[in-house]
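Could you walk me through this model stop by stop, telling me what to select in the viewer and what I will find there? I would like to see the ligand site, the nonpolar cores and a few individual residues.

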Amino acid sequence: MKTEWWKRAVVYQIYPRSFCDSNGDGIGDLNGIISKLGYVKELGVDVIWLSPVYQSPMRDNGYDISDYRAINPEFGTMEDFDRFLEQAHGFGLKIVMDLVVNHSSDEHLWFAESRSARESAKRDYYIWRDGKNGGPPNNWKAWFGGPAWTQDKATGQYYLHCFSPYQPDLNWEYPELRAEIHDMMRWWLDKGIDGFRMDAISFISKPQDFPDGEAKQYVPNGPRIHEYMREMRTEVLSRYDVMTVGETGGVTVDDAIQYAASDGSELDMIFQFEQQELDGGETFKWNDRKINLAELKEVLSRWQNRLFNRAWNSLYWCNHDQPRIVSRLGDDGEYREKSAKMLATCLHFMQGTPYVYQGEELGMTNVPFADIDDYRDLESINAYESLVVQEKRIAKEDMLRYLGRKSRDNSRTPMHWNGGTNAGFSDGKPWIMLNPNYVTINAEEQMQRAGSVFAYYKNLIQLRKKMDIITFGDYQLLLPNDQHLFVYTRSLLQEELLVVCNFTPNEQNFALPERFCGAQVLISNEEDPVYGGVLKAFGTAVFYIKK
Ligand code: TEU
Ligand code: CA
């Protein structure tokens with residue numbers, strides 16, 4: 001069954017709420033996405049990862065599902081979905097759906113039944129415990145603020161929720177629950193979808209003694225996680241030629257080698273966060289810290305080298321949970337286009353399956369949110385509420401600056417289709433503000449300009465399709481301690497690539513290793529066609545030789 005087509009694929013992530021609105025209610029929808037399939041095809045990707053479109057009260061924009069087999073009316077109907085799938089397939093695009101099964105919504109019928117009584121037939125679909133010393137069963141904190149347990153009136157017991165109280169964790173210890181999830185997965189796969197991106201999948205097995213301590217230490221990679229993954233492979237995935245990617249927060253390289261082992265016993269690839277956590281700190285991600293280049297290189301290179309021939313990784317800078325990469329690691333002013341291309345080059349020549357998040361291919365930037373009212377993301381709003389309002393640990397203006405740098409909403413404002421009303425996203429009032437820079441940064445302008453970020457991404461994606469070395473070559477980091485340049489080689493049989501990236505707004509000298517003198521420049525963001533030993537601000541060039 002397994003053909004490993006996903007090793008050669010490039011994925012495009014669509015966040016439905018913000019992609020394209022077809023009916024003027026200010027919310028992106030399936031018909032909007034259908035109208036833009038030609039655009040996605042033009043970019044040259046193979047797969048669309050569709051963030052959740054299932055029925056949901058939208059406390060966490062669909063990552064809180066109340067019916068796994070229904071489409072949220074805001075996004076359309078099941079007929080719209082079927083048409084979307086058929087048309088995407090008609091364009092040769094595969095569709096990977098989000099699978100959010102660490103938790104459901106508290107409005108799921110399962111939860112209504114589960115919470116109703118201790119004797120309820122669905123009691124064990126969720127995780128219920130008695131309190132301890134007049135408080136919750138343990139002292140875990142939820143990812144989105146507050147305790148990880150909430151007491152429920154009907155029975156007086158507490159339920160576990162690793163994210164928000166609206167997202168009760170499902171109890172994977174219970175075989176019936178697992179069978180129910182497997183059945184639902186087969187239902188979607190039988191419809192013809194091409195795989196799953198598994199939300200927070202590393203969290204589904206919890207140590208059953210629920211020890212006090214940091215939830216971050218106990219929840220990821222719990223005792224039975226690999227058993228559950230292998231069972232899912234046997235019960236569901238082994239019957240389909242599909243792609244699976246596990247969103248695996250809190251994994252080490254060694255864990256990943258199990259989750260995404262080349263023997264295909266669990267998932268096809270993982271999506272991990274170590275590089276994203278390099279600018280974290282005491283108050284999670286809310287700070288002014290900058291990612292240190294030497295540390296970034298160490299992390300990315302360790303994943304490249306350790307997974308080589310053992311397991312498969314995803315390559316990404318952006319998704320719906322991260323700020324925009326040009327603002328985070330590049331320059332969103334004068335060198336926006338140059339740095340967007342440099343960052344793309346740095347990532348797309350590594351081994352793994354690349355993910356492009358909507359708008360990244362235009363070099364979209366973080367958003368000038370003015371005040372807390374401009375935010376929609378529950379993580380951002382909760383963090384503000386607890387750190388600024390309740391605990392008074394952070395001053396308001398500092399927190400607004402931190403949110404401006406890191407809030408998930410930076411990536412969730414509407415896609416920029418053109419320079420007209422609402423960036424061509426909607427005829428109505430968008431559910432979240434637009435980034436005002438759509439007037440200059442938009443798809444229409446970039447699609448007709450040869451030197452655009454869009455054109456550059458197209459080129460990168462095509463190179464990957466043409467050259468096996470990009471998918472299969474081995475990786476070697478040069479200049480590990482250099483704080484300005486990210487330089488690495490890839491090699492496969494007689495071929496070798498040298499990737500040179502300047503992460504600074506200043507010129508940097510880099511003398512080519514002798515074997516690369518006179519080499520062909522495969523792709524570059526520099527105006528000068530011949531490399532003269534110097535990279536300008538945020539310059540990048542990739543050299544190719546055949547021995
Ligand atoms: O994210 C899982 C996760 O681990 C988050 O804590 C992530 O690190 C955080 O969003 C970073 O700020 C997934 C989804 O991608 C996210 O959008 C959901 O909110 C979350 O699960 C709950 O379903
Ligand atoms: Ca709509």
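Select Leu-99 to begin. In this predicted model, Leu-99 touches Met-184, Met-185, Phe-196, Arg-197, Met-198 and Asp-199, once residues up to four places away in sequence are set aside. Colour by secondary structure and you will find Leu-99 in strand 5, which covers residues 94-99. Leu-99 counts as buried because its relative accessible area is 1%, and the limit for that label is under 20%. Now add Gly-246 to the selection: Leu-99 and Gly-246 are 147 residues apart in sequence, yet their C-alpha atoms are 9.5 Å apart in space.

**The ligand**

One of the contacts of Leu-99 is Asp-199, and Asp-199 leads straight on to ligand 1. Which residues come nearest to ligand 1? Of the 16 around it, the answer is Asp-60, Asp-199, Lys-285, Asp-321 and Arg-408. Show these as sticks, then colour the whole shell by residue type: the shell divides into 9 charged, 4 nonpolar and 3 polar residues.

Next, check three distances between oxygen atoms of ligand 1 and side chains:

- Arg-408 has a polar side-chain atom 2.8 Å from an oxygen atom of ligand 1.
- For Glu-379, the distance from a side-chain N or O atom to a ligand 1 oxygen is 2.9 Å.
- For Glu-247, the corresponding distance to an oxygen of ligand 1 is 3.1 Å.

Switch on a surface around the ligand here. On its own, ligand 1 has 490 Å² of accessible area, and the protein covers 95% of that.

**Two loop residues with positive phi**

Move along to Ala-200. Its phi is near 45°, a positive value in a residue other than glycine. Ala-200 sits in the loop between strand 9 (195-198) and helix 6 (215-218). Is Ala-200 buried or exposed? With 3% relative accessibility, Ala-200 counts as buried.

Met-58 makes a good companion stop. Met-58 is not a glycine either, and its phi is positive at about 65°. Look for Met-58 in the loop between strand 3 (54-55) and strand 4 (67-71). Its relative accessibility is 14%, so Met-58 counts as buried.

**The nonpolar cores**

Hide the ligand and bring up the nonpolar side chains. In soluble globular proteins, nonpolar side chains tend to be buried together. The largest nonpolar core here has 144 residues, and Phe-81, Phe-349 and Phe-486 touch the most other members. Helix 15 (residues 453-466) gives the most to this core, contributing 7 residues.

Zoom in on Phe-349. Beyond its neighbours up to four places away in sequence, Phe-349 touches several residues, among them Leu-460, Leu-463, Ile-470, Tyr-488, Leu-497, Val-499, Leu-522, Ile-523 and Val-542. Two arginines, Arg-464 and Arg-490, also belong to the contacts of Phe-349. A second, separate core has 17 residues, including Trp-143, Trp-149, Leu-378 and the Ala-200 you visited earlier.

**A buried serine**

Select Ser-339, which lies in helix 11 (residues 336-348). Ser-339 counts as buried because its relative accessibility is 0%. Apart from residues up to four places away in sequence, Ser-339 touches Val-326, Gly-330, Asp-331 and Phe-538.

**Two partly exposed residues**

Go to Asp-130 next. Asp-130 is in the loop between strand 6 (128-129) and strand 7 (149-151). At 46% relative accessibility, Asp-130 counts as partly exposed. Which residues does Asp-130 contact, leaving aside neighbours within four places in sequence? They are Arg-118, Pro-137, Gln-157 and Tyr-158. Draw a distance to Gln-157: a polar contact of 3.0 Å joins the side chains of Asp-130 and Gln-157. For Tyr-158, try the C-alpha atoms, which are separated by 6.1 Å from Asp-130 to Tyr-158, residues that lie 28 apart along the chain.

The last stop is Arg-83, in helix 3 (residues 78-90). Arg-83 counts as partly exposed, with a relative accessibility of 34%. Setting aside its neighbours within four places in sequence, Arg-83 is in contact with Asn-31 and Ile-34. To finish, zoom out and label Glu-337: Arg-83 and Glu-337 are 254 residues apart in sequence and 36 Å apart in space, C-alpha to C-alpha.

Technical notes
Residues are numbered from 1 along each chain as its sequence is written. Chains are lettered from A and ligands numbered from 1 in the order in which they are written. This is a predicted model: local features need pLDDT of at least 70, side-chain atom pairs count only at pLDDT 80 or more; totals for chains, interfaces and linings use all residues. Side-chain values use heavy atoms; hydrogens and water are left out. A residue is near a molecule or strand if one of its heavy atoms lies within 4 Å of it. A polar contact is a pair of N or O atoms within 3.5 Å; within protein, one must be able to donate a hydrogen and the other to accept it, and residues adjacent in sequence count only if both atoms are side-chain atoms. Accessible areas come from the Shrake-Rupley method with a 1.4 Å probe; for residues, only the protein chains shown count as cover. Ala, Val, Leu, Ile, Met, Phe, Trp, Tyr, Cys and Pro count as nonpolar, Asp, Glu, Lys and Arg as charged, and the others, Gly among them, as polar. A nonpolar core is a set of buried Ala, Val, Leu, Ile, Met, Phe, Trp, Tyr and Cys residues joined through side-chain atoms within 4.5 Å. Buried means under 20% relative accessible area, exposed over 50%, partly exposed in between (1.4 Å probe, protein chains only). Helices (H or I, at least four residues) and strands (E, at least two) are DSSP runs, numbered from the N terminus. Contact means heavy atoms within 4.5 Å.
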